[in-house]
There are 4 protein chains.
Amino acid sequence: MQRIRMGLIGGGPGSFIGAVHRLAAEMDRQIELVAGAFSSDPGRSREAGRTYGIDPDRAYPSYEALIAGERERGDGIDFVAIVTPNHLHLPAASAALAAGIAVMSDKPLTATFDQARELARIVGSSDAPFRLTYTYTGYPLVREARRLVRDGVLGKVRKVIVEYSQGWLAEPIEQQGSKQAEWRSDPKRSGEGGCVADIGVHAFNLAEFVTGQRVERLCADLNRIVEGRQLDDDCNILLRFDNGAPGALIASQIAVGDHNGLVLRVYGENAALHWRQEQPNSLRINRRDGRGEIIEAGTGLLGADARAATRVPPGHPEGYLEAFANLYRDFAALMRGEGDASLVPGIEDGLRGMEFIHRAVVSSRAGSAWMELQG
Amino acid sequence: MQRIRMGLIGGGPGSFIGAVHRLAAEMDRQIELVAGAFSSDPGRSREAGRTYGIDPDRAYPSYEALIAGERERGDGIDFVAIVTPNHLHLPAASAALAAGIAVMSDKPLTATFDQARELARIVGSSDAPFRLTYTYTGYPLVREARRLVRDGVLGKVRKVIVEYSQGWLAEPIEQQGSKQAEWRSDPKRSGEGGCVADIGVHAFNLAEFVTGQRVERLCADLNRIVEGRQLDDDCNILLRFDNGAPGALIASQIAVGDHNGLVLRVYGENAALHWRQEQPNSLRINRRDGRGEIIEAGTGLLGADARAATRVPPGHPEGYLEAFANLYRDFAALMRGEGDASLVPGIEDGLRGMEFIHRAVVSSRAGSAWMELQG
Amino acid sequence: MQRIRMGLIGGGPGSFIGAVHRLAAEMDRQIELVAGAFSSDPGRSREAGRTYGIDPDRAYPSYEALIAGERERGDGIDFVAIVTPNHLHLPAASAALAAGIAVMSDKPLTATFDQARELARIVGSSDAPFRLTYTYTGYPLVREARRLVRDGVLGKVRKVIVEYSQGWLAEPIEQQGSKQAEWRSDPKRSGEGGCVADIGVHAFNLAEFVTGQRVERLCADLNRIVEGRQLDDDCNILLRFDNGAPGALIASQIAVGDHNGLVLRVYGENAALHWRQEQPNSLRINRRDGRGEIIEAGTGLLGADARAATRVPPGHPEGYLEAFANLYRDFAALMRGEGDASLVPGIEDGLRGMEFIHRAVVSSRAGSAWMELQG
Amino acid sequence: MQRIRMGLIGGGPGSFIGAVHRLAAEMDRQIELVAGAFSSDPGRSREAGRTYGIDPDRAYPSYEALIAGERERGDGIDFVAIVTPNHLHLPAASAALAAGIAVMSDKPLTATFDQARELARIVGSSDAPFRLTYTYTGYPLVREARRLVRDGVLGKVRKVIVEYSQGWLAEPIEQQGSKQAEWRSDPKRSGEGGCVADIGVHAFNLAEFVTGQRVERLCADLNRIVEGRQLDDDCNILLRFDNGAPGALIASQIAVGDHNGLVLRVYGENAALHWRQEQPNSLRINRRDGRGEIIEAGTGLLGADARAATRVPPGHPEGYLEAFANLYRDFAALMRGEGDASLVPGIEDGLRGMEFIHRAVVSSRAGSAWMELQG
C-alpha cells in the first residue's frame with residue numbers, strides 16, 4: 001500500500017506537538033511525513049527537517065513555499081497537518097485547500113469565530129478533505145461510550161459533567177521563557193479565549209461527541225487567576241443541551257498538581273458512564289439497579305469502533321499516542337475514500353468549537369448571561 | 001463520668017436517620033438516649049421507644065410533651081436531637097431552647113430562610129447551646145484538610161470544586177411509597193429547595209469549613225429532572241469566594257448509580273487537596289513541584305484535630321458513623337464547657353446554609369443571575 | 001430488651017483493643033460492659049474501670065476475682081471478652097467456662113497448639129458458648145463474598161491468594177517501649193508464631209471462611225527480618241486446598257508503609273472476586289466473559305447476610321468498628337439462642353487457626369517442607 | 001539519520017506480536033522493517049510481507065533464506081527480531097549471529113536451559129549484538145523504580161512480591177483453535193515451562209531489574225489447573241534474594257478476569273515501592289514515616305532514565321507500545337555504539353531467566369524443594 005504523504009506546518013525546534021503528530025500519523029504505516037514548513041526561520045526549518053529525517057529540499061521556510069514546492073513534484077504531499085499557533089490556522093488551511101491539498105488541523109479551528117466562519121466557507125467550496133484533531137475522540141473507550149449512548153444503554157441523557165483540569169499555567173511561565181505558554185496567553189496568536197480555547201473546547205467536543213446531544217445554551221464564568229495574564233486561565237460554564245439536560249463544564253490551567261485531567265460523566269435514565277483520560281483503558285458504567293460495571297479496553301465486549309481502535313490485547317495499556325494515531329488512521333481511510341466520517345471531527349465540529357469559545361467569552365463578559373449557540 | 005442525656009425528636013419507625021443519630025451519639029459513651037418524641041402517632045412513638053430500649057414513659061407523642069415531661073424529672077434530658085423534616089426544625093428547636101434545653105439539629109437549619117433568621121434570633125437570646133449536624137465535617141481528614149489550608153500548605157486558595165452526587169431520586173420514588181423521598185420533595189415540609197437544600201447545603205458547608213473562605217456570590221441553575229417533581233433534584237452553581245477565587249458546586253439526586261458522592265477539591269497557589277467522602281480515610285495533596293502525597297487517617301503525620309477524631313490505627317477504616325460520632329463527642333464537650341466550638345457547626349453556619357439555599361433558588365429563578373450572600 | 005452483660009478480661013490502660021471491643025460490643029445496644037479485670041495491677045484495673053465508666057466495685061484485679069465476684073451477683077456478667085496476650089487465653093477462658101460464663105475470645109485461640117487442643121476439649125464439655133473474634137469476617141462484603149462462592153457464582157474455586165501486609169514492626173519497637181509490640185514478639189506470651197500468629201491466622205481464616213474450602217497442606221517460609229527478633233515478622237506460605245486448588249498466603253509486619261493490607265482474591269472457573277480490607281465497601285467480581293462488576297455495600301443487590309450486616313445506605317462508608325460490632329451482634333443473637341452460628345467463628349475455627357500456625361512454624365523449620373493440616 | 005534495517009523472523013498472519021514488534025521498532029524512526037521470514041509457508045510469508053508493506057522479494061519462506069538473501073544485498077538487514085515460538089529461538093539466533101547479523105529476541109531466551117547455555121556460548125563468541133525483549137523494563141517508571149532502589153531511597157531491600165496474573169488460559173483454548181495458546185501449551189515448542197516460562201520469567205526479570213538483587217534460591221509450586229494441559233498454567237514460588245531478603249512470585253494464566261496483571265512491590269528499610277503494569281504511569285512510594293507519594297510519569301521529579309523514556313507530558317498516558325519502543329530505541333542506540341547497555345536485557349538476563357524456569361520446574365517436581373540458582 002502506498003503511504004499517504006504528509007507535510008507538517010509548524011512543529012519546529014522546541015515544539016512538542018510536531019513530533020507527536022509525526023509519531024501518531026506514521027504509527028500505522030499508512031502515512032509518511034515527507035515535507036514541512038517547520039519554522040518561519042529557514043535555518044530552523046532545515047534543522048527541524050534533519051531531526052525529522054526528511055529530504056533537506058523539502059524543509060521549507062514557509063507554508064506558502066511548502067505548498068508551491070510540493071505542487072511541482074510528482075510525489076508531492078497529499079495533505080498538510082497544521083500545528084501552528086491558532087492565528088495561522090486560517091491562512092495555512094486556506095492556502096492548502098486552494099492548492100487542492102487536504103488538511104488535518106490542530107484545534108481550535110482558528111483564532112476567532114469570524115475566522116472560523118470564513119474557513120467554513122472555504123472548506124465548503126473546496127473538494128479537498130478538511131479534518132481536525134480533537135485527539136480525545138480517538139480513544140477506544142470514548143468511542144465505546146458514544147456507542148453505549150447511541151445504543152440506548154443509558155436511556156435519555158439527563159446530566160453531563162465534563163472537566164478538564166491542568167496545572168501547568170499555575171505560574172506565569174509565559175514570562176519565564178515557555179514558548180508553549182507564550183503564544184497561548186497572547187490574544188494575537190491564541191484568539192479571544194485562553195483556557196476555554198485551549199482545553200475547554202476539547203471538553204466541549206468530547207461531551208457532544210459522546211452524548212450525541214448539542215449544547216444549546218451556556219452561562220460562563222471565565223477567570224484570569226494568575227496576575228498579569230490577558231486571557232482566561234480558568235473557566236466554569238453551565239450548560240444546557242438540546243434535549244433539555246443540564247450540564248457543567250469545568251476547566252482550568254491553574255489547577256496545581258493536575259496534569260491532563262479530562263473527565264467525562266454522563267448520567268442517563270437507566271445508567272451512567274464515567275471516563276477519565278488519565279486512565280483511559282477502563283470505562284465505568286453504573287446501572288440503575290446499583291450494579292457497577294468496568295469495561296476494559298481490548299475485551300470482546302466492546303463494539304466495533306472501540307475494537308477497531310485497539311492494537312493490543314486487554315491489560316496492555318494504550319495511551320495518548322495511540323488515540324492520536326487512531327485519528328490519523330481514520331483520516332487516512334477518509335483520504336482513500338473509505339472509513340467512517342463520523343469518527344474524525346470535521347469543519348462543523350471545528351466551527352461549533354469556535355462558537356462555544358466565542359459565546360463563553362461573551363457570556364462571561366456579560367456577567368454570566370445565558371447565551372445561545374446557533375450553529 | 002455522668003452521661004449527657006439525649007432526647008430524640010423524630011426518628012420513628014421507618015426513619016433511618018434516628019437510629020444513626022442514636023448510634024453516633026452513644027458511640028463514645030458520653031451521651032445516652034433516654035427519651036424521645038419519635039412520632040406524632042402515640043402508638044408509633046411508643047413502639048419506637050421500645051426499639052430504642054428506653055423507658056416507655058419517656059416515649060412521648062409530641063415534642064411539646066417531651067419537653068414538658070422531661071422538665072419535670074430530676075433526671076430529664078440535657079438536649080434534644082432534632083431529626084424531623086425541615087419544617088419542624090424551627091418549632092421544635094424554639095420549644096427546647098425556651099425550656100433551657102440544648103439542641104443538636106439536623107440540617108438544613110429550617111425550611112425557609114425567614115425561619116432561619118427567626119431561629120437565629122431565638123438562639124441568640126438563649127443560653128442553651130445550639131448546634132447542627134453537618135456530618136461531613138466530622139471526618140478526620142476533613143479536619144486535616146482544614147488544618148492544611150489554615151497552616152498555609154496550599155497558599156492562597158485559587159479555586160474550589162465541590163460536588164455531591166446521588167442517584168436515589170432518579171425515579172419518582174416519592175410517588176412509590178418512599179417516606180424519605182416524600183417529605184424531601186414536598187415544599188411544605190422541605191422548604192424552597194430540594195437537592196440544593198438536602199445535599200447542596202452539605203457541599204456548601206464543607207467548602208467553607210475547609211477553605212476558611214466564605215462564598216460571596218453565586219449563580220445557580222436548579223433543575224427538576226424527574227417529571228412531576230416540585231423541587232429541584234439537580235443543581236449546578238457557580239461560586240465566587242470572598243478572596244476572589246472562583247468555584248463550582250455540582251449536586252444531583254438523579255445521578256444514577258452514584259450513592260453519596262461528596263467530593264471536595266481545593267486548589268491553592270502551592271498545592272491542591274482532594275477528598276472523597278466515599279473513601280474518607282485518605283486525602284491527596286498535590287504539590288506544585290509535581291509530587292503527589294497520600295495522607296492516610298490514623299498516621300502520626302496528622303494534626304491534632306484529625307488525630308483526636310480517630311479511634312483506630314491506620315488501615316482500620318472508619319466511616320460515616322464515626323464521623324457522625326465525632327460531632328456528637330465534640331458537642332458533648334461543648335455541653336461540658338470544654339472543647340473547640342469551631343469543630344461543631346453552629347447557628348451562623350446554619351443560617352449561612354439557609355441563605356445559600358435561598359439565594360440559589362432566587363438566582364435560578366432569575367435565569368442564573370449572580371446573587372450576593374450577605375450573611 | 002435486656003442487654004447482655006459483658007465483662008472484659010484485659011484491655012487496661014494503654015491497650016487499644018479493649019476500647020475497640022467495648023465500642024463494638026455496645027454499638028447496637030444489645031450488650032453492655034459492666035465489669036472487667038483490666039489489669040493485674042489493682043490500681044490500674046480500677047483506673048481503667050473509671051475510664052470505661054463502670055461501677056468501681058466491678059473493676060477486678062484478676063480474671064479469677066472477676067469470675068468469682070460476678071457469680072455472686074444477681075446481675076452478674078453473661079460473658080467475658082478476653083483481650084489479653086495469647087498465653088492467658090486458655091486459663092481465662094477455662095475459668096469462665098468452668099463458671100458457666102460464655103466467652104468471646106480474641107484470636108489466635110491460644111499461645112500454642114497444645115493449649116488449643118486442651119481448650120477445645122474444655123469447650124466441648126461445657127454448655128457455655130465459646131466464640132472467637134476473627135474480626136474481618138464481620139464485614140458485609142466478606143459475607144457477600146462467601147455467599148457468592150456458596151451460590152456457585154465463581155464455579156469451582158481454582159486459586160486463592162490472600163495477603164496481609166503491615167509495616168508497624170519494620171523497626172524493633174518492642175525494644176522502644178511499645179507494649180503492643182513487646183508481647184507480640186515475646187514467645188512466652190505470643191506463642192511459637194509472630195506475624196503468622198498475629199495476622200497470618202486472620203488471612204488463613206478469611207480464605208477458609210469465604211471459599212468454604214479447607215487448607216489441606218502448606219509449605220511455609222517464615223522470616224525474622226528485623227535483627228534480634230525472636231519470632232517471625234514475615235511469612236510466605238504456599239497452600240493447597242482440599243479441592244486441589246493451589247494458593248498463597250503472604251503476610252508481613254515489616255512491609256513498610258502498609259497499614260492493614262488484608263486482601264483476598266479467589267479465582268473460580270467462571271468468575272473471580274477481589275476484596276481489600278482497607279476499602280471494605282466494594283467487592284469486585286470479574287466474569288469469564290471479561291466483564292468486571294463492582295458490588296457496593298448497602299445496595300439492594302446483596303444477599304441477606306450482607307444486608308443484615310449493614311447499618312447505613314450505600315455510599316455511607318462503614319468500617320472496622322462496624323465489622324467488629326457485627327460479630328458482637330451475631331454473638332448476642334447466639335447468646336439469646338437465635339442467629340446463624342456459621343457467622344461467628346467458633347472453637348473449630350480457633351483450633352484450625354492454631355494448627356495452621358503450628359504447621360507453618362514446623363514447615364518453615366523443616367526447610368519449607370509440605371505439612372498436612374489434620375484438623 | 002540512516003535507519004537501522006530490521007528483519008522479522010516469525011510474526012506471520014494471525015500473529016499479534018509481529019505487528020507489535022514492527023510498530024514498537026519503528027515508532028521513533030530509528031529502525032525500519034524491510035524484510036522477514038514471517039511463516040514457513042511461502043505463500044503466507046509473502047502475504048504477511050504485503051501486509052507489512054515491504055518489498056515482496058524480501059518476504060522469505062525461512063529464516064535461512066532470509067539471512068542468505070539479505071547477506072547478498074548492499075542494503076541488507078542490520079538485525080533480526082525473533083518472534084517465533086521458543087523452540088526456534090536458538091536455531092534462528094544462531095544462524096543470524098553466524099552471519100554477523102545482530103539479534104533482538106523475544107523471551108524466554110530458548111525452549112530449554114540447555115539450549116540457553118548453548119546460545120550463551122554462541123553469543124559469547126560472536127561480535128554481533130544480542131538482546132532480549134523483556135518488555136516491561138521499558139516502562140519509564142520501572143526505570144525510575146530501579147533508580148530509586150539504586151539511589152538508596154528504599155534502603156536495604158527486605159521483601160519483594162511480584163505477581164503476574166492473566167486469565168486468558170482459564171479454558172482449554174489450545175484445543176479450540178487458538179494459535180497463541182497452542183504452541184504455548186506444547187512442550188515441544190514452549191519448552192519445559194508453561195506459565196512460568198511465558199510470564200513467570202517476566203516477573204522474575206522485573207524483580208531482579210528493579211531491585212538489583214539476584215534470586216539465590218527458589219521453592220516452587222507449579223500447577224496444571226485446566227484438565228488435559230501438559231504444562232503448568234499457574235505457579236507460586238517462594239524466593240530468597242542474595243542479600244537474604246525473602247520474596248514471592250505469584251503467576252497464573254487461569255486467573256479469570258485478570259488481563260495482564262504484572263505487579264511489583266519492593267519493601268526496603270526506609271520505604272517501599274508499588275508499581276502496576278496496567279496503570280504504568282504512576283509509581284507509589286510509601287515512606288517509613290507514613291507518608292505515601294505518587295510519582296507520575298513525565299514530571300520533572302524523575303531521574304534521567306525515566307525522562308528519556310517518556311515522549312509526552314505528564315497526564316498524557318503512555319503504555320505498552322511505548323515501553324516496547326523504548327527497548328527498541330535503546331537497542332538502536334547500542335547498534336550505533338551508543339546508549340546504556342544496562343537498559344536492554346542481554347544474554348545473561350536471558351540465561352538467568354532460563355535457569356529460573358528450569359529450577360522452578362525441578363523444584364516443583366521435587367515437591368517444592370528449595371533449589372539454588374547458580375548463574
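**Chain pairs, domains and helix packing**

Biologist: What share of the interface residues of chain D are also interface residues in chain C?

Modeller: This is a predicted model. In it the copies, chain D and chain C, meet through the same surface. That follows because the share of interface residues of chain D that are also interface residues in chain C is 100%.

Biologist: By what turn can chain D be laid on chain C?

Modeller: The superposition of chain D on chain C has an RMSD of 0.0 Å. The shift along the axis is 0.0 Å, and the turn is 180°.

Biologist: Which strand of chain D gives the most to the side that touches chain C?

Modeller: On chain D, 30 residues are in contact with 30 residues of chain C. The elements of chain D that give two or more residues to this side are strand 6 (157–165), strand 7 (215–223), strand 8 (234–241), strand 9 (246–252), strand 10 (261–268), strand 11 (271–276) and strand 12 (282–287). The most, four residues, comes from strand 9 of chain D.

Biologist: How many residues of chain A are in contact with chain B, and how many of those on the side of chain A are nonpolar?

Modeller: The contact joins 30 residues of chain A to 30 residues of chain B. Strand 9 of chain A supplies the largest share of the side that touches chain B, four residues. By class, that side of chain A has six charged residues, nine polar and, for the nonpolar count asked for, 15.

Biologist: As what kind of axis are chain A and chain B related?

Modeller: Chain A can be laid on chain B with an RMSD of 0.0 Å, by a turn of 180° and a shift of 0.0 Å along the axis. The two copies are therefore related as by a two-fold rotation axis.

Biologist: Why do chain A and chain B meet through the same surface?

Modeller: The test is how many interface residues of chain A are also interface residues in chain B. The copies meet through the same surface because that share is 100%.

Biologist: How far apart are the C-alpha centres of the two domains of chain A?

Modeller: The domain assignment divides chain A into domain 1 (4–135) and domain 2 (138–315 + 340–365). Between the C-alpha centres of domain 1 and domain 2 of chain A the distance is 25 Å.

Biologist: Which element gives the largest share of the side of domain 1 of chain A that touches domain 2?

Modeller: In chain A, 19 residues of domain 1 are in contact with 24 residues of domain 2. Two elements of chain A, strand 5 (130–132) and helix 5 (113–124), give two or more residues to the side of domain 1. The largest share, four residues, comes from helix 5 of chain A.

Biologist: How many charged residues are on the side of domain 1 of chain A that touches domain 2?

Modeller: The side of domain 1 of chain A that touches domain 2 has 11 nonpolar residues and six polar. The number of charged residues on that side is two.

Biologist: How are helix 3 and helix 4 of chain A oriented, parallel or antiparallel?

Modeller: Helix 3 (residues 63–71) and helix 4 (residues 89–98) of chain A pack with their axes 10 Å apart, at an angle of about 10°. Angles under 35 degrees count as roughly parallel. Helix 3 of chain A is therefore, with respect to helix 4 of chain A, roughly parallel.

Biologist: Which residues of helix 4 of chain A make the contact with helix 3?

Modeller: Helix 3 and helix 4 of chain A form a right-handed crossing. From helix 3 of chain A the contact takes A:Tyr63, A:Glu64 and A:Ile67, and from helix 4 of chain A it takes A:Ala92, A:Ala95 and A:Ala96.

Biologist: At roughly what angle do the axes of helix 4 and helix 5 of chain D cross?

Modeller: The axes of helix 4 (residues 89–98) and helix 5 (residues 113–124) of chain D come within 10 Å. Their crossing angle is roughly 10°.

Biologist: How many nonpolar residues are in the contact of helix 1 of chain D with helix 11 of chain D?

Modeller: The axes of helix 1 (residues 17–26) and helix 11 (residues 320–335) of chain D come within 7 Å and cross at roughly 65°, and the crossing is right-handed. Helix 1 of chain D brings D:Val20, D:Leu23, D:Ala24 and D:Ala25, while helix 11 of chain D brings D:Leu321, D:Phe324, D:Ala325 and D:Tyr328. In the contact of helix 1 with helix 11 of chain D there are no polar and no charged residues, and the nonpolar count is eight.

How values were computed: Residues numbered from 1 in each chain as written. Chains lettered and ligands numbered in written order. Predicted model: local features only at pLDDT ≥ 70, side-chain atom pairs only at ≥ 80, totals over all residues. Contact = placed C-beta atoms within 7 Å. Nonpolar A, V, L, I, M, F, W, Y, C, P; charged D, E, K, R; others polar. Domains from an automatic or database assignment. Axes fitted to C-alpha atoms, helices over the stretch in contact; angles between N-to-C directions. Parallel < 35°, antiparallel > 145°, perpendicular 65-115°, else oblique. Left-handed = near helix turned anticlockwise from the far one by under 90°. Least-squares fit on C-alpha atoms with pLDDT ≥ 70 in both.
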